[in-house]
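Subject: Structure handover and notes

Dear colleague,

I am passing on the structure we spoke about, and I would be grateful if you could look through it with the notes below beside you. The sequence and the coordinates come first, and my reading follows.

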Amino acid sequence: MKFGFIILLSIVAGVLSGEHFHSFMVGFGIAAVAVGTGYWLAFRSTRYPQLAALLLLMGVAAKMGVTVVGVMWSLEANLINSPFVFSLSYLFFSIVATYLYFTLREFQMNRTAKMNALETQAA
């Protein structure tokens, strides 16, 4: 149900921003890449738990860096013709991408926990 709502809201927002569709898609692209990069860096598994804070800070810095570089490149290429549509799109898809990444992580962790439980029962 949640995924259907997200897809419906995305389609409605895309249709409503028809005249500024490039700005809408640039906001989507930059948000997805920025959140993905930050997530990949921040939640890497390591044998050293002391690095957790450093990885989180690196994830935040990477997200900001990707966002700044993406916006600068998009402005230079004249892809953003409506800053308002871009900012709303970036905000929405940043929240959606974060939700989807955390949902995926929770699913993977639950699956791993079930596999470990089955292995301990079998042994």
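The notes below go from confidence to the helices, then to the core, the ring pairs and some single residues.

Please bear in mind throughout that this is a predicted model. The chain averages a pLDDT of 88, and 99% of the residues score at least 70. Confidence is not even along the chain, for the lowest mean, 81, belongs to helix 1 (residues 2–16), while the highest, 93, belongs to helix 3.

The record offers one set of annotations to set against the model. In an unreviewed entry, UniProt places the feature "transmembrane region" at residues 27–44, 51–73 and 85–104. In the model, residues 27–44 are 89% helix and 0% strand, with 26 Å between the end C-alpha atoms. The span 51–73 is 96% helix and 0% strand, and its end C-alpha atoms lie 32 Å apart.

Helix 3 covers residues 52–76, and its 25 residues reach 36 Å from the first C-alpha to the last, close to the 36 Å expected at 1.5 Å a residue. Its buried residues are L55, G59, A62, T67, G70 and S74, and what covers them includes helix 2 and helix 4. V69, by contrast, is a residue of helix 3 that is exposed, with a relative accessible area of 57%. V69 and I30 are 39 residues apart in sequence, and their C-alpha atoms are 9.3 Å apart in space.

Helix 3 is followed by N78, which sits in the loop between helix 3 and helix 4. Most residues other than glycine have a negative phi. N78 is not a glycine, although its phi is positive, at about 55°. With a relative accessible area of 66%, N78 is exposed, so you may wish to view the loop with this residue in mind.

Turning to the interior, the largest nonpolar core has 10 residues, namely F24, V26, I30, A31, A34, I80, V85, F86, Y90 and F93. Helix 2 (21–42) and helix 4 (83–122) each supply at least two residues of this core, and helix 2 gives the most, with five residues. Y90 is one of the core residues, and, leaving aside its neighbours within four places in sequence, Y90 is in contact with G27, I30, A31, A34, K63 and T67. Three of these names recur in the core list, where I30, A31 and A34 also appear, while T67 is among the buried residues of helix 3.

The aromatic side chains deserve a separate look. The count comes to nine aromatic pairs. One of them joins Y39 and F102, whose ring centres are 6.0 Å apart and whose planes stand at 85°, so the pair is edge-to-face. This pair links distant parts of the chain, with Y39 in helix 2 and F102 in helix 4, 63 residues apart. The two partners fall into separate accessibility classes, for Y39 counts as buried at 16% relative accessibility, whereas F102 counts as partly exposed at 40%. Elsewhere, ring pairs link F21, F24, F28, F92 and F93 into a cluster, and of these F24 and F93 are also listed in the nonpolar core.

Two further residues help to place helix 1 relative to the rest. G14 is found in helix 1 and counts as buried at 11% relative accessibility. Leaving aside neighbours within four places in sequence, G14 is in contact with F21 and F24, both of which belong to the aromatic cluster. S89, in helix 4, counts as buried at 3% relative accessibility, and with the same neighbours left aside S89 is in contact with F24, G27 and F28. F24 therefore appears in the contact lists of both residues, because its heavy atoms come within 4.5 Å of each. G14 and S89 themselves are 75 residues apart in sequence and 9.0 Å apart in space, C-alpha to C-alpha.

With best wishes

Definitions and conventions:
Residues are numbered from 1 along each chain as its sequence is written. This is a predicted model: local features need pLDDT of at least 70, side-chain atom pairs count only at pLDDT 80 or more; totals for chains, interfaces and linings use all residues. Side-chain values use heavy atoms; hydrogens and water are left out. A nonpolar core is a set of buried Ala, Val, Leu, Ile, Met, Phe, Trp, Tyr and Cys residues joined through side-chain atoms within 4.5 Å. Buried means under 20% relative accessible area, exposed over 50%, partly exposed in between (1.4 Å probe, protein chains only). Helices (H or I, at least four residues) and strands (E, at least two) are DSSP runs, numbered from the N terminus. The expected span of a helix is 1.5 Å times one less than its number of residues. Rings of Phe, Tyr and Trp (its six-membered ring) pair if their centres lie within 6.5 Å; planes under 30 degrees apart count as stacked, over 60 as edge-to-face and the rest as tilted. pLDDT is the predictor's confidence in each residue, from 0 to 100. UniProt positions are given in the numbering used here, feature names are shortened, and annotations may be inferred rather than shown by experiment.
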